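Subject: Structure for you to look at

Dear colleague,

I am passing on a structure that you have not worked with before, and my notes follow below it. Please keep the structure open while you read, since the notes go through it part by part.

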Amino acid sequence: MSHVGRVARQTAFLTVAQFTGLGVSLLGTILVARALGPQGRAVYAWLVTLVGMAIQIALIAPPAVVRSVALRAPERLPATIVLLSLAGSVLTLPLAAYVLLDGHIGPEARPHLLLAWLCVPVTATTLALTTLLQIEARILPVLAVHVWPRIIQVGFLVHFWLSGQLDLAAAISVFVFTAVLELGLALACLWPQIVSLRPSLGLVQQILALLGAGWLSSLAIFAVPRIGLVVLGSYAPLDATGLYSVALTLQEAALVGPAVFGGVLITHVGRHGWFGRRTRVRGGVSVLVFSAATCAVAAAIAPDLIALTFGPSFGPSASAFRMLLAAVVLATIYQMCQPVLFSRGRPLAIAGPSLGACLVALVVALVAIPAIGSSGAIISNLAGFATLAALGAAFALAELRRTPASSKI
């Protein structure tokens with residue numbers, strides 16, 4: 001099989017696996033939205049979004065970094081990942097204090113904060129460890145980790161919904177239970193190949209610069225679309241925040257494809273070298289055309305799909321989702337550049353585009369959201385991704401001119 005075919009096959013497999021898991025999770029999201037309504041959904045989404053940001057802070061060894069260093073010391077990498085994730089979780093305590101003291105979620109939601117925060121070390125470790133399964137393209141283990149916990153999650157949510165007990169406390173409890181189950185499955189799948197339970201401090205020191213830059217990059221990319229929701233929660237009514245949160249959830253699902261594509265490219269370039277110029281151009285155009293066409297189809301069916309699944313009260317989310325789909329094409333451009341940035345290993349090239357995007361998204365959110373509400377959150381989201389794509393392309397071209405790829409396929 002050709003190198004291009006291998007990349008396409010691995011991208012398709014991982015995309016299908018993650019979309020299958022997301023599709024099952026979407027059923028749970030719909031149940032939670034219908035049970036809690038726009039206001040309750042706003043509190044749930046605001047809390048879960050901040051927990052998600054904490055997970056990214058704790059994820060000192062994000063998937064892109066794990067892919068780029070997996071060949072250096074594979075026998076010590078799993079234990080090192082666990083150590084880094086636990087250490088990174090300590091960094092999230094100030095954010096936990098902020099959420100606890102913030103008045104937006106209300107006193108009734110604060111007791112659930114500590115329970116939700118258990119997901120931070122658990123999910124950070126799971127995300128890093130699952131990357132090892134993805135690198136090896138082990139079909140059944142990857143599907144098991146991505147799909148089975150979500151099926152069980154939906155089963156519990158259906159039970160609570162049918163019994164009339166699906167409230168905020170039940171939703172958070174199921175959220176945490178699913179995270180623990182995912183970690184257990186990931187460890188079970190990796191256990192036969194874990195040679196050593198001792199982390200490698202030497203490995204951490206050897207790749208410290210890459211880890212730091214990769215961590216900053218992963219955290220910033222995660223924050224770019226979610227900054228608007230966090231700021232919106234402090235300025236807009238709960239109804240508006242809840243409607244935007246549904247559009248954002250659907251956008252996050254659409255961004256899975258570009259993220260998987262970029263991850264597969266990082267692994268492939270690390271093992272086999274970079275593609276020739278003609279292959280890069282033709283492949284890049286094909287990927288962008290496919291991404292744009294998929295987004296066009298999603299935009300066409302969004303109004304009917306959202307009203308049918310989430311309920312008529314969430315119908316206004318469709319217009320926001322349609323606009324947010326433009327970010328998917330922009331993210332695809334960045335993901336095509338990311339392997340060049342990581343293969344060169346320069347911290348500024350790795351972290352620069354995402355940090356710039358995060359800064360732009362934050363500034364726009366702070367200026368626009370107080371003035372125009374949800375529209376400001378959409379503008380912040382798109383401005384962040386536009387900056388990410390532009391800076392990613394600029395840094396990638398600069399890196400290729402500085403040190404042309406020596407191994408092309």
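Does aspartate 239 count as buried, partly exposed or exposed, and what is its relative accessibility? Before the reply, please bear in mind that this is a predicted model. Aspartate 239 has a relative accessibility of 37%, and therefore counts as partly exposed. Aspartate 239 belongs to helix α11, which covers residues 238-254, and its C-alpha atom is separated by 7.0 Å from that of alanine 42, although the two residues are 197 residues apart along the chain.

The nonpolar core

The largest nonpolar core has 54 residues, and those with the most contacts inside it are Tyr44, Val51 and Trp117. Two or more residues of this core come from each of the elements α1 (3-58), α3 (77-90), α4 (93-101), α5 (113-117), α6, α7, α8 and α10 (208-235). Among these elements α1 gives the most to the core, with 14 residues. As general background, nonpolar side chains in soluble globular proteins tend to be buried together.

Helix α6

Helix α6 runs over residues 119-135, and at 1.5 Å a residue its 17 residues should span 24 Å, which agrees with the 24 Å that separates its end C-alpha atoms. Because 15 of the 17 residues of α6 are buried, the helix is largely enclosed by the rest of the structure. Leucine 127 also has its place in helix α6, but with a relative accessibility of 33% leucine 127 counts as partly exposed, since buried would require a value under 20%. The C-alpha atoms of leucine 127 and serine 85 are separated by 9.8 Å, with their positions 42 residues apart along the chain counted as the distance apart.

Aromatic rings

The structure holds 2 aromatic pairs. In one of them, the rings of phenylalanine 156 and phenylalanine 177 have their centres 5.3 Å apart and their planes at 75°, so the pair is edge-to-face. Phenylalanine 156 lies in helix α7 (residues 139-162) and phenylalanine 177 in helix α8 (residues 168-190), so this pair ties together parts that are 21 residues apart in sequence. Phenylalanine 156, at 38% relative accessibility, counts as partly exposed, and phenylalanine 177, at 39%, counts as partly exposed too. Phenylalanine 310 and phenylalanine 314 form an aromatic pair that is tilted, with 6.1 Å from centre to centre and 55° between the planes, and both of these residues are buried.

A further ring, that of phenylalanine 222, has arginine 226 lying over its face, at 3.6 Å from the ring centre. Phenylalanine 222 has its place in helix α10 and counts as buried, at 15% relative accessibility. Its C-alpha atom and that of serine 354 are separated by 9.1 Å, and the two residues are 132 residues apart along the chain.

One face of a helix

Which residues of helix α14, residues 317-324, are buried? They are Ser317, Ala318, Ala320, Phe321 and Leu324. Seen down the axis of α14, these buried residues fall within an arc of 160°, so they line one face of the helix. In general, an α-helix has 3.6 residues a turn, so residues three or four places apart point the same way.

A loop and two cysteines

Leucine 197 has its place in the loop between α8 and α9 (201-206), and with a relative accessible area of 64% leucine 197 is exposed. Leucine 197 and valine 82 are 9.8 Å apart in space, C-alpha to C-alpha, while in sequence they are 115 residues apart.

The structure holds 0 disulfides. Cysteine 189 counts as buried, at 15% relative accessibility, and cysteine 295 is buried as well, with a relative accessible area of 10%.

With kind regards

Definitions and conventions: Residues numbered from 1 in each chain as written. Predicted model: local features only at pLDDT ≥ 70, side-chain atom pairs only at ≥ 80, totals over all residues. Heavy atoms only, no water. Buried < 20%, exposed > 50% of the residue type's maximum accessible area, 1.4 Å probe, protein only. Helix = DSSP H or I, 4+ residues; strand = E, 2+ residues; numbered from the N terminus. Arc of directions from axis to C-beta. Phe/Tyr/Trp six-rings, centres within 6.5 Å; stacked < 30°, edge-to-face > 60°. Lys NZ or Arg CZ within 6 Å of the ring centre and 35° of its normal. Expected span 1.5 Å × (residues − 1). Disulfide = S-S within 2.5 Å. Core = buried A, V, L, I, M, F, W, Y, C linked by side-chain atoms within 4.5 Å.
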